[in-house]
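User: Please take a close look at one charged pair in this protein and at what lies around it. I should like a single connected account that then places the pair in the rest of the fold.

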Amino acid sequence: MSLMQRLFNFRGGLHLDYRKDMSTRQPIRVAPVPPQLVLPLSQHAGAPAKPVVKVGERVLRGQTIAQPDGFVSVPIHASSSGTVVAIESRPIPHVSGLAAPCIVIDTDGRDESLPAPEWAPVEDFSALDAKTLRETVRRAGIAGLGGAGFPSFIKLSPGRSVETLIINGAECEPYISCDQQLMAERADEIVGGVQVILQAIGAPHCLIGVEDNKPDAIAALRAAAAQDERIQVRVVPTRYPQGGEKQLIQTLTGREVPSEGLPLDIGLVVHNPGTARAVYRAVRHAEPLTARIVTVTGGAVAQPQNFEARIGTPMQFLIEQAGGYVQPPGRLLMGGPMMGFALPSDALPVIKSTNCILAAAPGELRPDEAAMPCIRCGACQEACPVNLLPQQLYWHARGGEFDKTRALNLFDCIECGCCAQVCPSHIPLVQYYRHAKTEIWAEDREKRKADAARERHEARQARLEREEREKEEARARKKAQLAARKAAADSGEAPPAAGVTPADSTGDPVAAAIAAAKAKKAAAPTADGSAATDDPVARAIAAAKARKTASTDSSKAAPADDPVARAIAAAKAKKAAAEAGGPTGAPVVRPRKAPPSDDAVAAAIAAAQARKAAKAAGTEPADAPPADDPVARAIAAAKAKKAAAEQAQDAADPVAQVVAAAKAKKTAKEAATAPASDDPVAKAIAEAKAKKSAKEAAVSDNADDPVARAIAAAKARKAAKDASATPDDDDPVARAIAAAKAKKAAREAADKPDDAS
């Protein structure tokens with residue numbers, strides 16, 4: 001016998017009363033469509049599907065009504081035509097006994113299918129690549145039909161090389177015969193599915209393991225696989241749990257799957273016969289998974305048999321098709337008596353993982369007796385096919401010491417129930433193990449959440465620290481650049497040219513802007529107009545600054561009541577404008593014309609008196625202006641006017657005003673006869689001042705007040721009389737004043753109205 005023909009053994013296990021012949025006396029019967037279908041969205045391991053239909057919508061057989069939501073998920077299809085009447089939570093067949101979202105369809109009795117399938121059927125699937133095959137299997141919504149309900153397309157995407165495909169046809173659980181009947185009656189479709197799977201995973205050969213108590217199935221499979229040398233049918237001993245995945249692998253290959261590992265870890269992939277047939281129907285006929293073979297059996301059922309039932313069919317409907325109850329069932333289970341779980345009622349729907357509905361008569365199965373204390377007999381350890389320590393696992397699970405149960409390889413337990421079956425104390429050991437697994441899974445979920453939260457917090461802290469560090473580095477870089485520029489400026493080094501980024505500020509836009517601004521400032525002319533004369537831009541800037549200086553000085557530094565300050569400001573503005581614009585051709589700045597003084601006569605008198613005092617003393621003032629400086633002469637004249645104005649400010653005598661006017665005329669005459677200067681600006685200033693003085697004197701002679709004219713005439717006559725009595729013959733100014741006063745007095749007397757005397 002070759003290595004491929006040799007069989008191996010596993011430890012433990014039990015020989016049970018299988019009672020499969022109760023449901024194999026008749027061939028598989030196609031169950032009619034029920035009046036209502038209830039399709040749970042969670043019929044597989046992984047995330048529930050997501051509805052894509054609405055209440056009131058009519059659907060057809062084979063139509064997708066729920067799409068997969070996540071990778072480990074498959075779609076749900078309508079099992080018959082009808083109308084969606086509800087999408088709500090309803091009880092489903094699950095070990096928890098809880099409700100779950102379901103799509104409820106009221107069938108119309110026509111069982112109308114889609115006009116065309118949602119994907120194209122393929123007759124020669126050998127031309128398809130693995131990816132296309134996997135996608136087709138997923139679109140068909142195929143999940144493992146052996147009871148676990150794991151999405152089948154994932155097993156068709158191993159991601160590594162596969163040495164052998166194993167089809168698990170052992171079906172070791174008592175009462176269940178759906179796979180046995182399927183292998184006996186539809187072996188050709190199973191072999192076709194095996195060929196598709198081999199194509200998808202790239203395995204070189206396949207082993208189909210079948211227990212020796214199924215001779216009809218063995219014969220049919222061997223006949224169907226005779227034309228394909230890659231497929232071998234292997235007969236294995238009948239012993240529970242021979243149908244366990246790990247136990248069958250060990251029997252066929254002699255290999256053991258690693259603790260908490262998968263068959264893929266040793267190069268193997270395991271599928272169920274029903275799954276292989278569903279894969280064939282999906283690829284060859286474009287048929288989604290809408291029906292499966294279900295065993296309806298038990299002592300409480302009138303006619304136990306196997307049905308091809310639509311997914312979503314109420315279990316009660318199938319039991320009625322099997323003749324109904326002959327007596328009320330003592331226990332109602334989904335699955336077999338070893339690994340099945342109790343159902344609260346028979347109104348629950350058939351789902352993809354429903355392989356058997358067991359309605360046992362009272363006393364048919366081992367009664368549920370009250371648990372007694374453990375006597376430490378060790379029978380559970382001898383029966384365990386995984387070589388665990390069930391007794392120790394029980395004590396730790398009962399005490400809540402879940403970490404110790406994990407250390408004892410709790411998750412290697414396949415929950416076959418051998419330990420509970422042989423326990424003389426009737427302790428429900430498997431329930432304790434399931435509870436411990438659930439608690440550990442919950443702890444793991446919480447730990448994963450906490451770890452994820454911690455990682456998010458640490459990542460956020462790291463990001464904030466990195467950003468703060470980058471800001472500090474940027475600030476330090478900027479400080480260093482500014483300090484370097486300041487040091488360069490203090491040492492007299494020329495700043496970088498405008499538009500050129502210094503080496504130490506590469507990539508720093510702030511530093512570049514500072515450098516550009518400094519370069520512009522360095523290129524601009526100085527305040528004294530020392531810009532290069534050959535630069536028109538510099539000349540324009542200098543002229544603008546001169547105009548601004550003239551405007552500022554004339555508007556701020558020269559109040560309206562200060563003629564001296566106005567004259568000085570105007571002279572300075574003219575001089576600055578001449579220096580800035582003369583050599584370069586820039587326009588000369590014209591200072592604003594100062595407003596006329598409110599007391600020009602007094603200013604003229606004061607100026608004449610100042611000159612007379614200087615002449616009488618025989619000395620010139622210390623600040624006498626040089627003859628060749630017209631600006632200085634204008635400043636001196638203005639200062640003299642200001643002094644005269646200050647002296648005559650409190651004088652209320654109109655005679656003094658007349659005298660001041662005469663002196664102003666004399667001053668204007670002297671200014672007009674002064675030697676001509678070479679400076680046209682100074683000449684213009686002198687002429688303007690003379691004209692202004694003459695005009696102001698004339699204005700003062702034409703007073704509009706008749707009372708004032710009368711007083712002035714009287715005072716003039718008195719002054720003339722006094723002057724004729726003691727004239728100062730030596731003073732030509734006095735003589736001129738006296739003569740002027742006499743003439744003015746005579747003229748005013750002649751013009752005086754009669755009522756003014």
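**A salt bridge and its setting**

Analyst: E287 and R281 are joined by a salt bridge in which the closest N and O atoms are 2.8 Å apart. The model is predicted, and every value given here is computed from it. As general background, side chains of opposite charge can pair when their charged atoms come close.

The two partners differ in their cover. R281 is buried because its relative accessible area is 19%, and the cut-off for that class is under 20%. E287, at 31% relative accessibility, counts as partly exposed.

R281 belongs to helix α7, which spans residues 273-285. Setting aside neighbours within four places in sequence, R281 is in contact with E189, A286 and E287. R281 also lies 9.6 Å from I190, C-alpha to C-alpha, although 91 residues separate the two in sequence. The pair is part of a wider arrangement: a network of salt bridges links R186, E189, R277, R281, E287 and E308. In total, the structure holds 28 salt bridges.

The loop between α7 and β13 (291-297) contains T290. T290 is buried, its relative accessible area being 10%. Beyond four places in sequence, T290 is in contact with H77, A78, S79, A309, R310 and I311.

Two further salt bridges may be set beside the first. D444 and R406 meet through their side chains at 2.7 Å, N to O. This pair links distant parts of the chain, with D444 in helix α13 (residues 429-490) and R406 in helix α11 (residues 402-407), 38 residues apart. D444 is partly exposed, with a relative accessible area of 22%, and R406 is also partly exposed, with 35%. The side chains of E415 and K437 form a salt bridge as well, at 3.0 Å, N to O. Here too distant parts of the chain are linked: E415 is in the loop between α11 and α12 (418-422), K437 is in helix α13, and their positions lie 22 residues apart in sequence. E415 is buried at 18% relative accessible area, and K437 counts as buried at 5% relative accessibility.

The nonpolar interior can be described next. In soluble globular proteins, nonpolar side chains tend to be buried together. The largest nonpolar core here has 58 residues, and those with the most contacts inside it are I142, L165, V194, I201, C206, I208 and L221. Helix α4 (residues 187-201) gives the most to this core, with 9 residues. One of the core residues named above, I208, touches I167, L221, I231, Q232, V233 and R234, residues up to four places away in sequence not being counted. A second, separate core has 19 residues, including A31, F307, I319 and A359.

Two elements are largely enclosed by the rest of the structure. Helix α3 (residues 178-185) is one of them, because 6 of its 8 residues are buried; these are C178, D179, Q180, Q181, L182 and M183. Strand β2 (residues 36-40) is the other, because 4 of its 5 residues are buried. β2 runs antiparallel to strand β8 (residues 99-107), and 5 bridges join them. In this pairing, Q36 has D106 of β8 as its bridge partner.

An open sheet of 6 strands follows the order β1-β14-β13-β17-β15-β16, with mixed pairing. β1 (29-30) and β16 (341-342) stand at its edges with a single partner strand each, so one side of each is left without a neighbour in the sheet. Within the sheet, strands β15 (residues 331-334) and β17 (residues 356-360) run antiparallel and are joined by 4 bridges. The bridge partner of M334 in β17 is I357.

At the surface, F71, V72 and F150 form a nonpolar patch with about 270 Å² of accessible area together. F150 is found in the loop between α1 (130-139) and α2 (152-155), and counts as partly exposed at 34% relative accessibility.

For the protein as a whole, there are 22 helices and 17 strands. Of its 757 residues, 42% count as buried. Among contacts with a separation of 6 or more, 73% are between residues 24 or more positions apart. The protein exposes about 38800 Å², of which carbon and sulfur atoms supply 54%.

Methods: Residues numbered from 1 in each chain as written. Predicted model: local features only at pLDDT ≥ 70, side-chain atom pairs only at ≥ 80, totals over all residues. Heavy atoms only, no water. Patch = residues over 30% accessible without salt bridge, like charges linked within 9 Å, V, L, I, M, F, W, Y side chains within 5 Å. Areas by Shrake-Rupley, 256 points an atom, 1.4 Å probe, with all protein chains shown as cover. Salt bridge = Lys/Arg side-chain N within 4 Å of Asp/Glu carboxyl O. Buried < 20%, exposed > 50% of the residue type's maximum accessible area, 1.4 Å probe, protein only. Core = buried A, V, L, I, M, F, W, Y, C linked by side-chain atoms within 4.5 Å. Contact = heavy atoms within 4.5 Å. Pairing = 2+ DSSP bridges.
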